Amino acid sequence: MPITMNLHVDARSPIPIRRQLTEQLKHAIESGRVPRDQTLPSIRELAGFLGINTNTVARVIEDLKQSGYVEARRGRGVFVAAAPPVRPSPGRREGFLKDVVIRAAAVGMTADDLAVGVLSLAGVRPPAIDGAVEVLLVERSPAELDFFAGQLEAHFPIRVDKVLLGELTAITRRRTPAGRWRAAVTSFGHLPEVERVLRGRGVPVIALLAEAHLETLHRLAQLPAGTRVGVASDALETAHDLEHSIANAALANIVLVGASPLEGTALGRLVRRVDVIVCSSSSAERVRQVAGPSLQVMIDDRALDGRAIQMLATLLVDGNGGTPERTPHGGATRPTTRKK
């Protein structure tokens with residue numbers, strides 16, 4: 001491992017180890033201490049060097065992959081991306097922080113008060129805040145709505161209005177006040193239909209791709225050659241999304257047999273043809289009921305695409321770091337349609 005990276009984590013810090021390592025690696029890449037196209041140490045090497053859990057390191061690498069800092073290359077490892085994201089310069093960030101500290105001092109807060117307050121807000125992120133921005137979430141099944149809503153509320157202090165795709169047209173006709181939703185979020189496959197229904201309402205629509213976790217791909221890569229793998233989910237389209245995400249990893253040791261929804265006869269046919277089923281934790285009980293104890297069930301609770309998260313953040317926060325203007329209903333005053 002290159003000594004110049006100077007990585008270290010503090011287990012006593014209130015900042016989670018995953019966040020500490022993610023930010024240090026981002027800074028090392030941005031500052032050029034790790035050159036473009038440079039290979040990173042393996043997950044085991046990083047975990048051993050830092051004395052932390054391999055699962056934590058795997059999630060850090062997944063975070064960096066989702067945000068465009070690194071890329072996985074089949075059979076060669078994880079490399080720094082040729083063109084990683086550009087964040088504000090250290091000087092600009094320092095200037096922003098100084099401004100925040102000065103403003104805090106003006107209302108009687110010390111630097112320690114401010115640090116504790118920021119950590120508290122970042123760690124708690126309450127799912128419902130009075131006067132919070134509201135975001136429309138459209139998915140095909142209740143399980144998908146619950147999954148994506150939890151992910152979005154973990155990233156942003158927003159209200160998520162969950163609507164099933166099949167009910168979207170009726171609901172928008174019946175009870176949508178002007179400017180109610182700052183943005184609409186849906187899976188990539190539903191994007192055209194959601195855009196069609198919301199056309200002319202001034203609500204930007206963003207597609208959030210949910211990909212397999214790097215940890216899942218790592219586990220799949222350890223399976224014996226020729227292992228037959230299937231994918232199951234509450235909705236067939238969701239299962240296909242996860243199947244395509246695994247296929248894109250191009251793992252030579254596995255054979256992807258197919259994808260299936262949880263209900264109906266297709267799941268029974270699939271489990272008889274595979275050695276391993278990949279599914280979400282919410283789907284696992286149903287899969288085990290159909291498959292029995294002999295089939296290996298691998299849990300994968302997908303990760304949201306980092307670029308789409310950044311796009312949503314841009315819509316929710318203006319360029320000066322404040323919240324955009326709001327109508328009496330909490331919606332955006334400037335309609336902008338953006339696509340993934």
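The protein exposes about 17,900 Å², and carbon and sulfur atoms supply 53% of that area (Shrake-Rupley method, 1.4 Å probe; for residues, only the protein chains shown count as cover). The model is a predicted one, in which local features need pLDDT of at least 70, side-chain atom pairs count only at pLDDT 80 or more, and totals for chains, interfaces and linings use all residues. Residues are numbered from 1 along each chain as its sequence is written, and side-chain values use heavy atoms, with hydrogens and water left out.

**Exercise 1. Describe the overall make-up of the protein.**

Step 1: Start with the secondary structure. There are 13 helices and 12 strands (DSSP runs numbered from the N terminus: H or I of at least four residues for helices, E of at least two for strands).

Step 2: Turn to burial. Of the 340 residues, 41% are buried (buried means under 20% relative accessible area, exposed over 50%, partly exposed in between, with a 1.4 Å probe and protein chains only).

Step 3: Look at the contacts (heavy atoms within 4.5 Å). Among those with a separation of 6 or more, 66% join residues 24 or more positions apart.

**Exercise 2. Find which faces of helices α8, α9 and α12 are buried.**

Step 1: Recall the helix geometry. An α-helix has 3.6 residues a turn, so residues three or four places apart point the same way.

Step 2: Take α8, residues 191-198, where Leu-191, Val-194, Glu-195, Val-197 and Leu-198 are buried. Down the axis of α8 these residues fall within an arc of 165 degrees, so they line one face (the arc is that of the directions from the helix axis to the C-beta atoms). Gly-200, just after α8, has a positive phi of about 85 degrees.

Step 3: Repeat this for α9, whose buried residues are Leu-214, Thr-216, Leu-217 and Leu-220. Their arc around the axis is only 160 degrees, which places them on the same side of α9.

Step 4: Finish with α12, residues 281-291, which buries Ser-283, Ala-284, Val-287 and Ala-291. These residues cover an arc of only 115 degrees and so sit on the same side of α12. Ser-282, Glu-285 and Gln-289 are exposed on the other side. The cover over the buried residues of α12 includes β8 (227-233), α11 (266-271), β10 (276-279) and β11 (296-299). Just after α12, Gly-292 takes a positive phi of about 85 degrees.

**Exercise 3. Trace the surroundings of Ile-29 and Val-70.**

Step 1: Place Ile-29 in helix α1, residues 17-30. Its relative accessible area is 1%, so Ile-29 is buried.

Step 2: List its partners. Not counting residues up to four places away in sequence, Ile-29 touches Val-34, Arg-36, Tyr-69, Val-70, Val-80 and Pro-84. The C-alpha atoms of Ile-29 and Tyr-69 are 7.6 Å apart, with their positions 40 residues apart along the chain.

Step 3: Move to Val-70, in strand β1. At 4% relative accessibility, Val-70 counts as buried. Leaving aside neighbours within four places in sequence, its contacts include Ile-29, Leu-40, Ile-61, Leu-64 and Val-78.

**Exercise 4. Decide whether Glu-139 is buried or exposed, and name its contacts.**

Step 1: Locate Glu-139 in strand β3, residues 134-139.

Step 2: Check its accessibility. The relative accessible area is 0%, so Glu-139 is buried.

Step 3: Read off its contacts. Apart from neighbours within four places in sequence, Glu-139 is in contact with residues including Phe-148, Val-163, Leu-165, Thr-186 and His-190.

**Exercise 5. Examine the backbone at Ala-250.**

Step 1: Recall the usual pattern. Most residues other than glycine have a negative phi.

Step 2: Compare Ala-250. Although not a glycine, Ala-250 has a positive phi of about 55 degrees.

Step 3: Add its setting. Ala-250 is in the loop between α10 and β9 (254-261), and at 33% relative accessibility it counts as partly exposed.

**Exercise 6. Characterise the second largest pocket.**

Step 1: Note the volume, about 1,100 Å³. On a 1 Å grid over the protein atoms alone, a pocket is an open set of points where a 1.4 Å probe fits, with protein on both sides within 12 Å along at least five of seven lines; lining residues have an atom within 4 Å of a point. Points are joined across faces, edges and corners, and the volume is the space filled by probe spheres set on them.

Step 2: Identify the lining. Of its 43 residues, the closest to the centre are Lys-65, Ala-72, Leu-214, Leu-217 and Ala-249. Elements giving two or more residues include α3 (54-66), β1 (70-73), α9 (214-221) and α10 (236-248).

Step 3: Sort by class. The lining has 20 nonpolar, 12 polar and 11 charged residues (Ala, Val, Leu, Ile, Met, Phe, Trp, Tyr, Cys and Pro count as nonpolar; Asp, Glu, Lys and Arg as charged; the others, Gly among them, as polar).
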